[in-house]
Amino acid sequence: MTLAEMLERQTRPAAPALVESIDKNRVRCYACGHACPIPDGAAGVCRVRFNRGGTLMAPWGYVGGVQCDPIEKKPFFHVRPGALAYSFGMLGCDMHCAYCQNWITSQALRDPRAVSSSLGADAEALAADAVRQGASIVVSTYNEPLITSEWAVEIFKHAKAQGLMTGFVSNGNGTPQVLEYLRPWIDLFKVDLKTFDDRRYRELGGRLEPILDTIRRLHEMGIWVEIVTLLVPGFNDSEPELERLTSFLASVSPDIPWHVTAFYQNYKMTDPTNTTPAMLKRAAAIGRRNGLLFVYAGNLPGDVDDLEDTHCPGCGTALVERYGYHIHDYRLTPSGACPSCGRTIPGRWATTFDGQVTSRPFSPRPSRERTQN
Ligand code: SF4
């Protein structure tokens with residue numbers, strides 16, 4: 001049996017909120033910004049949602065991988081520093097980035113070199129496993145979670161019943177329908193803002209506007225948002241582009257953390273050089289100049305001055321000091337404020353810092369560990 005045939009069995013009718021009947025058994029899917037019109041017998045762009053006899057079928061009841069990671073690896077820097085994030089993924093993506101760091105799972109249905117498998121799973125058991133492993137957050141990641149939203153929500157319902165937080169690590173190619181559907185069940189959303197050039201987005205299989213709309217809506221909804229931009233030399237790092245990108249984020253809210261991370265040659269994109277510390281620092285300076293209060297440089301621990309740390313925008317006090325995914329020091333008050341000047345620091349902080357909830361060393365490096373977020 002092929003992977004596609006196996007996955008076809010691991011489905012359920014899509015959530016009614018994410019589907020609309022058009023005509024002659026055609027349906028429109030609203031799980032992602034493509035909003036595919038899908039004829040009977042065909043699949044959408046993602047290849048994991050398909051129309052069977054006028055019913056839109058959605059992935060259900062399996063995982064492609066499960067792993068406990070530090071929350072800093074997602075990366076969320078303003079969410080319970082040191083906490084463990086129980087991370088699960090399914091298979092497939094609605095885009096096809098040439099530099100994808102999770103291509104084994106995201107491109108499983110497009111690229112024959114991406115050899116992945118699925119494991120049948122029970123949502124309640126996954127949430128219980130998260131608790132057993134000491135996680136306080138459950139995150140849908142590795143593939144594009146929007147296209148598998150129904151199964152994520154099923155897991156999140158059980159996770160919330162256990163007192164856990166929930167989040168997506170996503171490309172942000174959402175729709176108003178899918179964000180409303182997720183809203184009651186999700187606390188955190190990391191959006192990969194890959195470029196600010198619509199032409200470039202189309203090369204990757206998306207469009208810029210739905211992603212910007214997702215960021216605006218998430219912020220309005222009160223879901224905690226952090227943004228990551230993988231800085232690819234020659235692809236998305238020109239000064240005018242970074243000016244526009246960071247100005248947009250600051251216009252939504254200067255409080256949104258922006259992580260600018262280093263590219264390593266990967267998957268089909270092997271032409272650009274790797275990102276240097278100087279390139280990250282330059283991009284970070286542009287973000288700060290445009291008003292962003294929390295700018296971080298990632299993937300090059302120890303080489304980016306203080307850009308791994310959280311500082312109080314009011315008085316400059318170092319509040320959380322990091323090296324890679326390690327928390328070296330934590331000084332926020334129990335209410336999430338600066339101990340020196342009392343300024344409230346935006347985020348989803350724990351009332352106490354219990355140290356790093358892991359015995360494993362976590363530092364990004366050019367290895368399999370770095371390639372899975
Ligand atoms: S999830 Fe996106 S790509 Fe997949 S069928 Fe729905 S709209 Fe199309």
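The following conversation goes through the helices, the sheet and one loop residue of a predicted model.

Trainee: What kind of model is this, and how are its residues numbered?

Mentor: This is a predicted model, in which local features need pLDDT of at least 70 and side-chain atom pairs count only at pLDDT 80 or more, while totals for chains, interfaces and linings use all residues. Residues are numbered from 1 along each chain as its sequence is written, and side-chain values use heavy atoms, with hydrogens and water left out.

Trainee: How many helices and strands are there in the protein?

Mentor: The protein has ten helices and 19 strands, where helices (H or I, at least four residues) and strands (E, at least two) are DSSP runs numbered from the N terminus. Of the 373 residues, 59% are buried, a word that stands for under 20% relative accessible area, with exposed meaning over 50% and partly exposed in between (1.4 Å probe, protein chains only).

Trainee: What makes β8 and β16 the edges of the open sheet?

Mentor: The open sheet has eight strands in the order β8-β9-β11-β12-β13-β14-β15-β16, with mixed pairing. β8 (65-70) and β16 (295-298) each have a single partner strand, so one side of each is left without a neighbour in the sheet. On average, and with direction ignored, neighbouring strands of this sheet are turned by 20° against each other.

Trainee: How do you know that β14 and β15 are paired?

Mentor: Two strands pair if DSSP finds at least two bridges between them. Strand β14 (residues 224-231) and strand β15 (residues 258-262) run parallel and are joined by five bridges, so they satisfy that definition. Thr229, for instance, stands opposite Val260 in β15.

Trainee: Which helices lie across β15?

Mentor: Helix α8 (residues 239-252) lies across β14 and β15, at about 150° to β15, and helix α9 (residues 277-289) lies across β14, β15 and β16, at about 165° to β15. Axes are lines fitted to C-alpha atoms, for helices over the stretch in contact, and angles run from 0 to 180 degrees between N-to-C directions.

Trainee: Why is α7 called roughly parallel to α8?

Mentor: The axes of helix α7 (residues 208-221) and α8 come within 10 Å and cross at roughly 25°. Angles under 35 degrees count as roughly parallel, over 145 as roughly antiparallel, 65 to 115 as roughly perpendicular and the rest as oblique, and therefore α7 is roughly parallel to α8. The contact (heavy atoms within 4.5 Å) is made by Leu212, Ile215, Arg216 and His219 of α7 and Phe248, Leu249 and Val252 of α8.

Trainee: Why are α3 and α4 called oblique to each other instead?

Mentor: The axes of helix α3 (residues 123-132) and helix α4 (residues 149-161) come within 8 Å and cross at roughly 50°. That angle lies in none of the named ranges, so α3 and α4 are oblique to each other. Their contact is made by Ala123, Glu124, Leu126 and Ala127 of α3 and Trp151, Glu154, Ile155, His158 and Ala159 of α4.

Trainee: Why does Gln133 count as partly exposed?

Mentor: Gln133, in the loop between α3 and β11 (137-140), has 35% relative accessibility, which falls between the cut-offs for buried and exposed, and therefore counts as partly exposed.

Trainee: Which residues does Gln133 touch, not counting residues up to four places away in sequence?

Mentor: Gln133 touches Cys68, Leu84 and Tyr86. Gln133 and Leu84 are 49 residues apart in sequence and 8.6 Å apart in space, C-alpha to C-alpha.
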